[in-house]
Structure formats: structure tokens, C-alpha cells
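User: I would like to go through this model with you and ask, for each description, what value stands behind the word.

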Amino acid sequence: MTVLFWVLAPLAAASGFMVFRFNSMARVTISLLVSFLASGALLILLGLGYLGVVVILMMVIEMIIMAVFMVAYMMNPAGLIQMSMYHNKPGSLAVSIGTFALLGAGIFAVPWPRRPGARPASPTFQLGAALMGPQMLTMITLAFVLFATMVGAVVLATRRGRYDRFGDDLTRRPPADPVRGGVGR
Amino acid sequence: MNLQLFLLLAAGLFAIGLYGALSQQAIVMIMMGLELMLNGVIVAAAAFWHYAAPAAGAQVIVVVALVAMAVEMAIGFAVATALYRTRNVALTDAAAELRR
């Protein structure tokens with residue numbers, strides 16, 4: 001476990017740092033993916049096999065989507081032109097180093113509690129039982145948040161909204177659609 | 001191996017993500033910084049579960065962080081798409097200038 005930690009932890013931190021150093025968007029995406037894969041492997045190392053695999057699978061898909069978006073929207077996707085995409089770099093660096101120092105000091109200053117008992121035989125069962133039992137409210141809240149996200153993302157990303165169709169005061173009938181269709185339109 | 005080392009890694013990931021979120025101009029790169037910060041939260045919660053409190057609460061925090069990542073990605077890309085479509089910008093500074 002110790003050897004794996006000393007391989008995975010520096011890999012996760014270094015690849016996370018390189019995300020903001022690479023110029024090429026493909027390298028940036030792969031670097032972030034490596035960081036997440038190392039973190040997922042650390043979760044598996046800590047005994048959370050199910051959540052570790054979820055992190056790995058989710059991040060692989062997410063980074064593929066992110067790569068497409070980055071190539072689509074970034075003005076210099078291949079990193080062939082040397083350009084700076086930063087603002088207030090020294091201030092950001094100072095804030096992040098200060099945050100790390102503060103967190104690090106807290107980590108070594110606090111007397112952390114020792115584990116009161118043995119870990120459960122099946123962490124996945126423990127998580128499922130919690131989400132379907134005492135943490136049901138959390139699960140329901142997450143479900144509604146995800147549903148609202150889906151609706152919000154579609155509304156934001158759609159090319160034409162209701163004001164395009166029905167006018168500024170939403171009274172235009174029939175709606176102005178580029179292709180006529182539906183009942184009575 | 002102990003809790004402090006895992007928490008130090010989590011703090012490092014959080015700080016790196018914070019640096020990216022604060023310093024980057026591109027919306028997509030800011031999202032990457034936020035993802036790294038949440039990655040730190042996930043590692044810290046998993047370490048707590050393993051070393052300090054093997055109750056289900058720490059695992060639930062990991063699930064909440066994962067959902068936060070998914071929400072941030074989906075809404076972030078949708079906002080980037082809406083901004084790019086209406087203003088043809090993908091940088092936060094340009095979007096702020098257009099607001100005034």
C-alpha cells in the first residue's frame with residue numbers, strides 16, 4: 001500500500017499541476033485524466049472499490065467530452081501559438097500557496113481521531129444501505145439537483161428558446177418556427 | 001501510511017485547482033480547476049473513511065462531490081455554449097467586458 005501511495009499520490013498532484021502548464025488542449029485533458037485515474041486508484045487502495053471505479057469510469061467519459069469542447073471553444077487548441085491565457089497569475093499563486101500552507105498546518109496541528117472500530121466488510125453495501133435508509137433525503141436531493149441540471153443545461157444550450165418562437169411578450173401565435181409542423185401550424 | 005499524508009495530497013490537489021480556477025481566463029480551464037478542487041475533497045473524504053470514521057457519511061460525501069462534478073461540467077459547458085453562441089466569446093474577461 002505504501003509503495004502504491006508514493007507512486008499514485010505524486011502522479012495525481014503532478015499531473016494536476018501540469019494541466020495548467022501544458023499549451024496543447026489534448027495534453028491538458030489527458031493530464032487531468034491521469035490525475036483523476038490516480039485519485040480513483042487511491043480510492044480503491046483505501047478500500048472504496050466501488051467509488052474508485054465510479055470515479056475512473058466517470059472521468060474517462062467526462063474527459064472525452066471535455067476534449068471535444070476544448071478543441072471546439074479554445075482559440076489555440078493545439079497550443080502551436082505561444083499565448084498567455086492567465087490573469088492575475090501572481091495573486092492566484094499566492095492565494096493557492098497560502099491555502100495549501102493553511103490546510104497543511106491544520107492537517108499536522110489537529111489531533112485526528114483514531115478509527116473507533118473495524119471497517120465494514122462491504123463498503124459498497126454500507127453506502128447502498130445508507131443511501132436507501134438514513135441518507136435517503138441526500139439521495140432525493142441529489143436526484144432533483146441532477147434533474148434540474150439536465151433541464152438547465154438543455155435550456156441554456158438550445159439554439160432557440162420560447163422568446164424566439166413566441167416573441168418578447170410570448171403572445172405570437174402561431175410561433176415563428178423555421179420549419180412549420182404540429183397540429184394547426 | 002497515515003491520514004495526514006492523504007490529507008496533504010488532498011490539500012495539494014485543492015490548492016492546484018484553486019490556482020487554476022483563479023488564474024485561468026478560459027471558461028473550460030476554470031472548470032478544470034474546479035474539478036481538481038473537488039477531486040481533493042473526494043480524496044480527503046475517502047481517507048477519513050479509511051483512517052478515522054468508517055461510517056457511511058464519508059462515502060456519501062464522495063457521492064455528493066461526484067454529483068457536484070457532474071453538475072459543474074454540465075452547466076459549465078451549457079453556459080460556455082450559450083456565451084459563445086450569443087457573444088462569440090470563451091474567456092471570462094471578455095464576457096465581463098461585454099456586461100458593462
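Analyst: The turns that follow take up the contact between the chains, then helices and single residues, in a predicted model.

User: How many residues does each chain bring to the contact, and which helices of chain B take part?

Analyst: Chain A brings 66 residues and chain B brings 56. On the side of chain B that touches chain A, helix H1 (3-23), helix H2 (27-51) and helix H3 (56-87) of chain B each supply at least two residues, and H3(B) gives the most, with 19 residues. By class, that side of chain B holds 43 nonpolar, 10 polar and 3 charged residues.

User: Why are H2(A) and H2(B) called roughly parallel or roughly antiparallel, whichever applies?

Analyst: Their axes come within 10 Å and cross at roughly 10°. Angles under 35 degrees count as roughly parallel, and H2(A) and H2(B) are therefore roughly parallel to each other. From H2(A), the residues that meet H2(B) are Leu32(A), Ser35(A), Phe36(A), Ser39(A), Leu42(A) and Leu43(A), while H2(B) offers Met32(B), Glu35(B), Leu36(B), Asn39(B), Ile42(B), Val43(B) and Ala46(B). This contact of H2(A) with H2(B) divides into 9 nonpolar, 3 polar and 1 charged residues.

User: What is the relation of H3(A) to H3(B), and which residues make their contact?

Analyst: The axes of H3(A) and H3(B) come within 12 Å and cross at roughly 10°, and with the limit for roughly parallel set at angles under 35 degrees, these helices are therefore roughly parallel to each other. The contact is made by Leu51(A), Val54(A), Val55(A), Met58(A), Glu62(A), Phe69(A) and Tyr73(A) on the H3(A) side, and by Gln59(B), Val62(B), Leu66(B), Met73(B), Phe77(B), Ala80(B) and Tyr84(B) on the H3(B) side. Its residues comprise 12 nonpolar, 1 polar and 1 charged.

User: What can be said of the packing of H6(A) on H3(B)?

Analyst: Helix H6 (residues 136-157) of chain A packs against H3(B) at an angle of about 10°, and their axes are 8 Å apart. Set against the cut-off of under 35 degrees, that angle makes H6(A) and H3(B) roughly parallel to each other. Among the residues that meet here are Leu142(A), Val145(A) and Leu146(A) in H6(A), and Val64(B), Val67(B) and Val71(B) in H3(B). The contact of H6(A) with H3(B) has 15 nonpolar and 4 polar residues, and no charged residues.

User: How do you know that the length of helix H3 of chain A agrees with what is expected of a helix?

Analyst: H3(A) covers residues 49-73, and its 25 residues at 1.5 Å a residue should span 36 Å; the end C-alpha atoms are 35 Å apart, so the two values agree. Several residues of H3(A) are buried, including Leu51(A), Val55(A), Met59(A), Met63(A) and Met66(A). What covers the buried residues of H3(A) includes helix H2 (25-45) of chain A, together with H2 and H3 of chain B.

User: What makes H1(B) largely enclosed by the rest of the structure?

Analyst: A residue is buried if 20 or more other C-beta atoms lie within 10 Å of its own. In H1(B), 17 of the 21 residues are buried, so this helix is largely enclosed by the rest of the structure. H1(B) reaches 30 Å from its first C-alpha to its last, close to the 30 Å expected at 1.5 Å a residue.

User: Is Gly47(A) buried, partly exposed or exposed, and which residues is Gly47(A) in contact with?

Analyst: Gly47(A) has its place in the loop between H2 and H3 of chain A. Exposed requires 12 or fewer C-beta neighbours and buried requires 20 or more; with 15 inside 10 Å, Gly47(A) counts as partly exposed. Leaving aside neighbours within four places in sequence, Gly47(A) is in contact with Arg119(A), Pro123(A) and His50(B). Gly47(A) and Ser122(A) are 75 residues apart in sequence, and their C-alpha atoms are 9.2 Å apart in space.

User: Why does Leu170(A) count as exposed or buried, and what is its phi?

Analyst: Leu170(A) lies in the segment after H7 of chain A. With 11 C-beta neighbours inside 10 Å, against a limit of 12 or fewer, Leu170(A) counts as exposed. Its phi is near 60°, a positive value in a residue other than glycine.

Notes:
Residues are numbered from 1 along each chain as its sequence is written. Chains are lettered from A and ligands numbered from 1 in the order in which they are written. This is a predicted model: local features need pLDDT of at least 70, side-chain atom pairs count only at pLDDT 80 or more; totals for chains, interfaces and linings use all residues. Two residues are in contact if their C-beta atoms, placed from the backbone, lie within 7 Å. Helices (H or I, at least four residues) and strands (E, at least two) are DSSP runs, numbered from the N terminus. Ala, Val, Leu, Ile, Met, Phe, Trp, Tyr, Cys and Pro count as nonpolar, Asp, Glu, Lys and Arg as charged, and the others, Gly among them, as polar. The expected span of a helix is 1.5 Å times one less than its number of residues. Axes are lines fitted to C-alpha atoms, for helices over the stretch in contact, and angles run from 0 to 180 degrees between N-to-C directions. Angles under 35 degrees count as roughly parallel, over 145 as roughly antiparallel, 65 to 115 as roughly perpendicular and the rest as oblique.
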